[in-house]
Amino acid sequence: MAACKVKPVQPTEIKDKKIIRQVIAEIRCKPSAAALKRHKAEEEDLIRLLKK
């Protein structure tokens, strides 16, 4: 068995405040009705597949 060397992961540093504000705004906004309906349909499909 060969040993593999794992490189440490460096955290990403975002220096542009505009990008940070946009990401925070996207996280805080509520999903639309269409998105909720789509997620519900995907959840039902997944449950149906898991039961088989």
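## Overall shape

Buried residues (under 20% relative accessible area, with exposed meaning over 50% and partly exposed in between, using a 1.4 Å probe and protein chains only) make up just 2% of the 52 residues in this protein. Please keep in mind that this is a predicted model, in which local features need pLDDT of at least 70 and side-chain atom pairs count only at pLDDT 80 or more, while totals for chains, interfaces and linings use all residues. Residues are numbered from 1 along each chain as its sequence is written, and side-chain values use heavy atoms, with hydrogens and water left out.

The secondary structure comes to 2 helices and 0 strands (DSSP runs numbered from the N terminus: H or I of at least four residues for helices, E of at least two for strands). The radius of gyration is 20 Å, well over the 10 Å that the globule rule gives for 52 residues, so the protein is more spread out than a compact globule. Here the radius is taken over C-alpha atoms, and the rule is 2.2 Å times the number of residues to the power 0.38. Along the principal axes, the C-alpha trace spans about 45 × 40 × 10 Å.

## Surface and charge

About 5,900 Å² of the protein is exposed, and carbon and sulfur atoms supply 61% of that area. Accessible areas come from the Shrake-Rupley method with a 1.4 Å probe; for residues, only the protein chains shown count as cover.

The protein has 14 positive and 7 negative charges, whose mean positions lie 4 Å apart. Lys and Arg count as positive and Asp and Glu as negative, leaving out His and the chain ends; each charge is placed at NZ of Lys, CZ of Arg, CG of Asp or CD of Glu.

## Helix H1 and a nonpolar patch

Ile14, Ile19, Ile20, Val23, Ile24 and Ile27 form a nonpolar surface patch with about 500 Å² of accessible area together. Such patches join nonpolar side chains (Val, Leu, Ile, Met, Phe, Trp, Tyr) within 5 Å, or like charges within 9 Å, from residues with over 30% relative accessible area and no salt bridge.

Isoleucine 19 lies in helix H1 (residues 17-28), as does valine 23. Isoleucine 19 is partly exposed at 39% relative accessible area, and valine 23 is partly exposed at 39%. The C-alpha atom of valine 23 is 29 Å from that of leucine 46, 23 residues apart along the chain.

## Helix H2 and its salt bridge

The whole structure holds 1 salt bridge (a side-chain nitrogen of Lys or Arg within 4 Å of a carboxyl oxygen of Asp or Glu). Its partners are aspartate 45 and arginine 48, at 3.2 Å from N to O. Both sit in helix H2 (residues 33-51), 3 residues or about one turn apart. Aspartate 45 is partly exposed at 37% relative accessibility, and arginine 48 is partly exposed at 48%.
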